[in-house]
Amino acid sequence: MAGLAFAVARSAVAQDRPTFTPYPVAVLQGLDKITARISTFEVPVEQEVTFGSLHILVRTCQKRPPEEPPESAAFLEITEHKPGEASNRLFTGWMFASSPALNGLQHPVYDVWLLDCKTSE
């Protein structure tokens, strides 16, 4: 009987945990602080895009289903490439659309944040 109670309790905890679904494209936004230009760009997962001197690689982009509280999260690797210098990894980690300041890129010229995850259409 105790085993059944444990199984029911474990099932209830698993249902309370938010579920995320992987999506093939991350929608990012970047700010060039020098020109004050904001750019929105789509990056397919496991492909790299260039924004200024930054090279942004999206490893995964995940989103909660519509019936749960909205949240998109992406694991990004951002590297700066300057001519004549070695590449410099600036950021590796998760970014969250609902909290762009929580774990953002720290750079004097560029800001990059996640807007959403979407299908490739």
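**Entry 1: a cysteine to start with.** I looked up C61 in this predicted model. Its relative accessibility is 0%, so C61 counts as buried. For that word I used the cut-off of under 20% relative accessible area.

**Entry 2: its partner.** Which residue is joined to C61 by a disulfide? I found C117, with an S to S distance of 1.9 Å. C117 has 1% relative accessibility, so this cysteine is buried too. I then searched the whole structure for disulfides and came back with one.

**Entry 3: where the disulfide sits.** I checked which elements hold the two cysteines. C61 belongs to strand β5, residues 54-63, while C117 belongs to strand β8, residues 110-118. The two parts are 56 residues apart in sequence, so the disulfide ties together stretches that the chain itself keeps separated. I also looked at the twist: the torsion about the S-S bond is about -85 degrees, so I noted the disulfide of C61 and C117 as left-handed.

**Entry 4: the chain as a whole.** How many helices and strands does the chain have? I counted one helix and eight strands. Reading from the N terminus, I wrote the order down as α-β-β-β-β-β-β-β-β. The chain has 121 residues, and 32% of them are buried. I looked at contacts next, keeping those with a separation of 6 or more: 45% of them are between residues 24 or more positions apart. The accessible surface of the chain is about 7,500 Å², and carbon and sulfur atoms own 56% of that.

**Entry 5: aromatic rings.** My search for aromatic pairs gave three in the structure. I picked one of them, F51 with Y110. A reminder to myself: such a pair is described by the distance of the centres and the angle of the planes. For F51 and Y110 the centres are 5.3 Å apart and the planes stand at 65 degrees, so I call the pair edge-to-face; the cut-off for that label is over 60 degrees. This pair links distant parts of the chain, with F51 in strand β4 (residues 48-51) and Y110 in strand β8, 59 residues apart.

**Entry 6: around that pair.** Are F51 and Y110 buried or exposed? F51 has a relative accessible area of 9%, which makes it buried. Y110 is buried as well, at 11%. I also found that F41 joins F51 and Y110 in one aromatic cluster.

**Entry 7: a lysine over a ring.** What lies over the face of Y23? I found K63 there, 5.7 Å from the ring centre.

Technical notes
Residues are numbered from 1 along each chain as its sequence is written. This is a predicted model: local features need pLDDT of at least 70, side-chain atom pairs count only at pLDDT 80 or more; totals for chains, interfaces and linings use all residues. Side-chain values use heavy atoms; hydrogens and water are left out. A disulfide is a pair of cysteine sulfur atoms within 2.5 Å. Helices (H or I, at least four residues) and strands (E, at least two) are DSSP runs, numbered from the N terminus. Buried means under 20% relative accessible area, exposed over 50%, partly exposed in between (1.4 Å probe, protein chains only). Contact means heavy atoms within 4.5 Å. Accessible areas come from the Shrake-Rupley method with a 1.4 Å probe; for residues, only the protein chains shown count as cover. Rings of Phe, Tyr and Trp (its six-membered ring) pair if their centres lie within 6.5 Å; planes under 30 degrees apart count as stacked, over 60 as edge-to-face and the rest as tilted. A charge sits over a ring if NZ of Lys or CZ of Arg is within 6 Å of the ring centre and within 35 degrees of the ring normal.
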